[in-house]
Amino acid sequence: MNNFSSGPAAINMDILQTIRDELLDFHGCGMSVLEMNHIEKDFFDILSETRELFESVLKIDDEHCVFFVTGGGWMNFSMIPVNFLSHSSCCDYADTGVWAGFALQEAKKFGNVHVCASGAPDYLHIPTITPEDISPNSSYLYICTNNTSYGTRFSPEKIPYDCGVPLIADVTSNILAEELDVNRFDLAFAAAQKNMGPSGVSVVVANKEFLEKRRKTDIPRILSYYDYYSTNSTFSTPPTFAIYMINLNLKRLIKNGGIAPMQAKNRKKAALLYDAIDSSEIFSNPISKEDRSLTNVVFSTKDAALDERFIRFAQSHDIVNIRGYKTVGGMRIGLYNAIELQQVQALVDCMQCFEAEL
Ligand code: PMP
């Protein structure tokens, strides 16, 4: 089966097999990871190792920390304004589509949101953000580095690292898929279900000084970034099994050389698919070339009925989960780390076969 879901996404078969093999008895300790006490050594070792693997694969510096938050992307959409905004202050959001849009709607519930840059109405490009775009006294600038639904991404040159305010990023759908200098963010979060593990948990990388300076003691602990950081994610029972799966994914990535070779592979996969779309007479991708995502490729025939026919045709060829996001339409292909080049080739063959039969 070729599962191109944009999330929860395909998981490598060898990882699923390891989970199956280890489910009843983890490394001879006589119990499943599912049964481990989260503050005893067996699980604590998994937790610490997972954090260390993440720090090593992303080359996290001493000024930053890594921890696991219970809840996915939406949890962070709320936590960010709860932690870093007050009713009298303001913040800046780059509105680059669905996920940045949801995040900014949540922030509006807690303070003033200034949209400093926008790709509206069609979100086909990533706007350039300069310091002049940021509002005075802004508490932070928020961006979403890869827009899972519209298939756009901030190229490294467009990431507004030097806008003079703390930079917060949603890196959910391109974390571990391409080189990203997360040390340059004051806080970056990624829901796990694309390249790391199951849904319902996110990994956060944060600047320790930023967390300490902005610490609020009058917010619920479950929403407090500082509390996750200062307790190594254990004041509440963390999603233990999800963290174990992240551990397996990170080990696999490191065994295969880390992010650089993965990025090279992802570029090849994306190039194969974009080339097929660009040379097709019926399929097209509307995104500015320099802003195209490596991990989420969108395309359509510009005819909803024909798109639907293609989705059904692909399904009959074991190619599934390619329907576009509900408000975008067309097709969307998740090319996350678990997808192999030959699976993309199978999709391209299917597209060409469909076109030839029309
Ligand atoms: N951010 C991005 C970039 C996403 O793609 C998604 C979900 N697809 C989210 C946030 C929301 O994450 P969750 O569903 O885990 O709340």
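## A tour of the ligand site and the cavities

Start at the ligand: one of its oxygen atoms is 3.0 Å from a polar backbone atom of Gly 73. Keep in mind as you click around that this is a predicted model.

Now select Trp 74. A polar backbone atom of this residue lies 2.9 Å from an oxygen atom of the ligand. For a side-chain contact, go to Lys 194, where a polar side-chain atom is 2.7 Å from a nitrogen atom of the ligand. How much of the ligand does the protein bury? Taken alone, the ligand exposes 390 Å², and the protein buries 85% of that.

Next, bring up the whole shell. There are 14 residues around the ligand, and the ones that come nearest are Trp 74, Thr 148, Asp 170, Gln 193 and Lys 194. Colour the shell by residue class and you get 5 nonpolar, 7 polar and 2 charged residues. Then show the cartoon and pick out helix H3, residues 73-84: with 3 residues, H3 gives the largest share of the shell. If you have a pocket surface to hand, turn it on here, since the space taken by the ligand is the largest pocket.

Time to leave the ligand and look at enclosed space. How many cavities of 30 Å³ or more turn up in the whole structure? A search finds 2.

The largest cavity holds about 180 Å³ of space. To centre your view on this cavity, select Asn 12, Asn 195, Asn 249, Asn 337 and Ala 338, which are the closest to its centre among the 18 residues that line it. Which helix contributes the largest share of this lining? That's helix H7, residues 240-255, with 3 residues. By class, the lining of the largest cavity comes out as 9 nonpolar, 7 polar and 2 charged residues.

Last stop: the second largest cavity, with about 40 Å³ of space. Select Asn 83, Phe 84, Leu 211, Arg 214, Arg 215, Lys 216, Ser 224, Tyr 225 and Tyr 226 to see what lines this cavity. Here you meet H3 again: H3 and helix H6 (225-230) each supply at least two residues of the lining. Colour by class once more, and the lining of the second largest cavity divides into 4 nonpolar, 2 polar and 3 charged residues.

To finish, show H3 together with both of its stops on this tour: the shell around the ligand, where H3 provides 3 residues, and the lining of the second largest cavity, where H3 supplies at least two.

Key: Residues numbered from 1 in each chain as written. Predicted model: local features only at pLDDT ≥ 70, side-chain atom pairs only at ≥ 80, totals over all residues. Heavy atoms only, no water. Near = heavy atom within 4 Å. Polar contact = N/O pair within 3.5 Å; in protein donor to acceptor, adjacent residues only side chain to side chain. Areas by Shrake-Rupley, 256 points an atom, 1.4 Å probe, with all protein chains shown as cover. 1 Å grid on protein atoms, 1.4 Å probe; cavity = no way out; pocket = protein on both sides within 12 Å on 5 of 7 lines; lining within 4 Å. Sits in = over half its atoms within 2 Å of the grid points. Helix = DSSP H or I, 4+ residues; strand = E, 2+ residues; numbered from the N terminus. Nonpolar A, V, L, I, M, F, W, Y, C, P; charged D, E, K, R; others polar. Points joined across faces, edges and corners; volume = space filled by probe spheres on them.
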